Amino acid sequence: MNKKVIFIDDEKPIRDALGQTLEIEDYDVSLYASAKPVLAELDNHFEGVIISDINMPEMDGIEFLKRALTIDPELSIILLTGHGDISMAVEAMRLGAYDFLEKPFSTENLLDVVKRAGDKRELILENRDLRRELEAQSGPGPRILGNNPKIKQLRRILTHIKDTPADVMIHGETGTGKELVARFLHDHSIRHDKPFVAINCGAIPETMIESELFGFESGAFTGAQKKRVGKIAHANGGTLFLDEIESMPMSLQIKLLRVLEERKVEPLGTNQAVDLDIRIIAATKNDLKKKSDKGEFRDDLYYRLNVVSVEIPPLRERKDDIPMLFQNFIRSASTRYSIEPTAITLDQQQKLLSHDWPGNVRELRNLAERLVLMGDASVFNEGYSINSEQTPLSLSERVNQFEFTLLCDALKRHNGRLKEAQEELGLARKTLYDKMKKHNINKDDYKSSH
C-alpha cells in the first residue's frame with residue numbers, strides 16, 4: 001500500500017515543517033491549509049493516514065473528524081492538540097480518532113503514531129477486500145480457483161473493480177480463462193441480472209462482424225430483409241465481452257472507439273443513435289501495445305480500453321494450483337457424465353506438475369475429461385511424462401500434494417460429511433477446516449460423489 005498522508009494545518013510554517021519530515025521518511029504527503037477541501041478528496045478506499053490540527057478557522061478538527069467518519073468510520077485520523085485542548089482530544093478519541101499528539105511532540109513520536117495508524121488502515125482495507133472476495137467466491141456464478149499468490153491477487157483486483165463503470169482489458173495466453181474472468185466480473189457485479197453478450201472477434205468473418213456488432217435496419221444492404229438488433233445494443237444494461245479484440249478489422253476499430261467514447265450505437269442503415277448503459281470487457285492474447293506501435297491496432301482504442309487492465313497468469317506460473325484444479329475438473333466431468341470420479345496417484349500428480357501446459361487451464365480440463373470418459377490412466381502417457389530436467393519437488397511440496405490427496409479421498413468416501421472425514425483422519429475439527437481452507441477444498445463439491 002502507498003504510504004499516503006494528508007496533513008491539515010492553517011499555520012504554514014508548521015505545515016511545511018511536518019510535511020518535510022514525513023517526505024524524508026518516504027511518505028506521499030498532501031498539505032492543506034483548511035479541512036473542508038479534504039472532505040471532497042476522501043472515500044472509503046483512501047489508503048493512508050490523515051493528520052489534522054484541532055484549532056482552525058472555518059472548520060475545526062473535531063468537526064472535520066465527525067464529517068470524515070461519516071464517509072468511512074474506520075479512517076485513521078490523528079489530531080494535533082495544544083496544551084489546553086486535552087479534554088477536546090479525549091472527546092475526539094471517543095468519537096473515533098485514531099490518536100492525538102500534544103504539541104510540542106518529538107519527531108520519533110510522530111513517526112511512530114503515523115506508522116501504527118497506517119498499518120491499521122492497511123489491515124482494515126485488506127480485511128474488506130478479503131470479505132468481498134469471500135462473498136464473491138461463495139455466491140452464485142463462476143469461481144476463480146487457486147491459492148497461488150498471483151491468482152489471489154487476481155481475485156482481489158476483480159472483486160475491487162467488479163462494480164466500477166470502467167471498461168476492462170484482460171490479458172492472458174490462450175486457455176488461461178479470459179471468458180471465465182469476464183463472466184466473473186459480470187455475474188458478481190450490479191449488472192448480474194442484465195445480459196452478458198460474448199463475441200469472438202476472430203471467429204466471425206470480416207464481412208459479417210460489423211452487422212453482428214452494430215445490427216441493421218431492414219433494407220440497409222442486400223439481403224437485409226428485416227431489422228436485426230446488434231450485439232452491442234443487445235448487451236445494453238449489461239456487459240459486452242469482446243474476445244480476441246486484436247482480430248477486429250481496423251475499419252471497425254474506429255466505430256468501436258466512437259461507441260466507447262459516446263456510449264451510443266448507430267445500427268447500419270439509420271442515423272438514429274441508441275443510448276447505451278454498457279460495460280465493455282475486451283480480451284487479448286497479444287501485446288496490444290506492440291501491435292499499436294506497429295500500426296496493427298489503433299493506439300487510441302488501445303488506450304481507451306486499457307483504463308483497467310487485468311493480467312491472468314499462465315498455468316506454468318501457478319503449478320501449485322494444478323492438483324486442486326485437476327481434482328475439481330474431474331469432479332465436474334464425473335457429475336456431468338454420471339461417471340464415478342477417477343482417483344489419481346501421486347505419480348500421476350508428479351506428471352501433471354512436470355508438464356509445461358502450453359494450453360493452460362483449458363488443456364488441464366480437457367485431460368481431466370478424457371481421463372473420466374476413457375477411465376484409462378494411459379492418457380497420462382500422451383505427452384505428460386516427467387521431464388528429467390524439471391526441478392524435483394521439494395519435501396514440503398510433496399507433503400502438500402499428499403495431504404491434498406488424503407483430504408479429497410476422505411471427503412469423497414464420506415460424501416462431503418466433515419464429521420466422518422475428521423474421525424477417519426484423526427484431526428480436530430478446526431484443523432480440518434484450516435487444511436481445507438489452505439487447499440481451497442469445498443465439502444459441497446463432494447456431496448454428489450456417491
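**Exercise 1. A serine in a short helix**

Which backbone oxygen does the side chain of S292 reach, and at what distance? Place S292 in its element, decide whether it is buried or exposed, and list its contacts beyond the nearby sequence.

*Solution.* The structure is a predicted model, and every step below should be read with that in mind. To begin with the contact, the side chain of S292 reaches the backbone oxygen of K289 at 2.8 Å. As to its place, S292 belongs to helix α11, which spans residues 288-293. The next step is accessibility: the relative value for S292 is 10%, and because buried means under 20%, S292 counts as buried. Finally, when residues up to four places away in sequence are not counted, S292 touches F297, R298, D299 and Y302.

**Exercise 2. The chain as a whole**

Describe the protein chain by its secondary structure, its share of buried residues, its contacts and its accessible surface.

*Solution.* Start with the elements, which come to 18 helices and 14 strands. Of the 450 residues in the chain, 46% are buried. For the contacts, consider those between residues at least 6 apart in sequence; among these, 70% join residues at least 24 apart. The accessible surface comes to about 22,700 Å², and carbon and sulfur atoms account for 50% of that area.

**Exercise 3. An annotated aspartate**

Which residue does UniProt list for "modified residue: 4-aspartylphosphate", and what are the surroundings of that residue in the model?

*Solution.* The UniProt record, an unreviewed entry, lists D53 under this feature. In the model, D53 is found in strand β3, residues 49-53. With a relative accessibility of 4%, D53 counts as buried. Leaving aside neighbours within four places in sequence, the contacts of D53 are I8, D9, D10, G61, L80 and K103. One of these contacts, K103, leads on to a backbone feature, since a cis peptide bond with omega of about -10 degrees joins K103 and P104. P104 itself lies in the loop between β5 (99-102) and α5 (107-138).

**Exercise 4. The largest nonpolar core**

Identify the residues that touch the most other members of the largest nonpolar core, name the elements that contribute to this core, and explain why it lies between two domains.

*Solution.* The core has 32 residues, of which F326, L352, L364, F380 and I441 touch the most other members. Two or more residues each are given by α13 (322-337), α14 (346-354), α15 (360-374), α16 (395-413), α17 (418-425) and α18 (429-438). Of these elements, α13 gives the most, with seven residues. The location follows from the domain bounds: domain 3 (316-381) and domain 4 (395-446) both give residues to the core, so it lies between them. To look at one member in detail, take L352, which touches I322, F326, I344, W357, L364, L367 and F380 when residues up to four places away in sequence are not counted. A second, separate core of 29 residues includes I204, L257, L260 and I280. As background to both cores, nonpolar side chains in soluble globular proteins tend to be buried together.

**Exercise 5. A buried aspartate and its arginine partner**

With which side chain does the side chain of D167 make a polar contact, and which backbone nitrogen does it reach? Describe both partners of the side-chain pair.

*Solution.* D167 lies in the loop between α6 (149-161) and β6 (168-171), and its relative accessible area of 2% makes it buried. Its side chain makes a polar contact of 2.8 Å with the side chain of R263, and it also reaches the backbone nitrogen of I280 at 2.9 Å. Turning to the partner, R263 lies in the loop between α10 and β11 (264-265). At 19% relative accessibility R263 counts as buried, because the cut-off is under 20%. The phi of R263 is near 55 degrees, a positive value in a residue other than glycine.

**Exercise 6. Two loop residues compared with the cut-offs**

Are A203 and E244 buried, partly exposed or exposed?

*Solution.* A203, in the loop between β7 (196-200) and α8 (206-214), has 59% relative accessibility and counts as exposed. E244, in the loop between β10 (239-243) and α10 (250-262), has a relative accessible area of 25% and is partly exposed. Phi of E244 is near 50 degrees, a positive value.

Definitions and conventions:
Residues are numbered from 1 along each chain as its sequence is written. This is a predicted model: local features need pLDDT of at least 70, side-chain atom pairs count only at pLDDT 80 or more; totals for chains, interfaces and linings use all residues. Side-chain values use heavy atoms; hydrogens and water are left out. Helices (H or I, at least four residues) and strands (E, at least two) are DSSP runs, numbered from the N terminus. Buried means under 20% relative accessible area, exposed over 50%, partly exposed in between (1.4 Å probe, protein chains only). A polar contact is a pair of N or O atoms within 3.5 Å; within protein, one must be able to donate a hydrogen and the other to accept it, and residues adjacent in sequence count only if both atoms are side-chain atoms. Contact means heavy atoms within 4.5 Å. Accessible areas come from the Shrake-Rupley method with a 1.4 Å probe; for residues, only the protein chains shown count as cover. UniProt positions are given in the numbering used here, feature names are shortened, and annotations may be inferred rather than shown by experiment. A nonpolar core is a set of buried Ala, Val, Leu, Ile, Met, Phe, Trp, Tyr and Cys residues joined through side-chain atoms within 4.5 Å. Domain bounds come from an automatic or database domain assignment.
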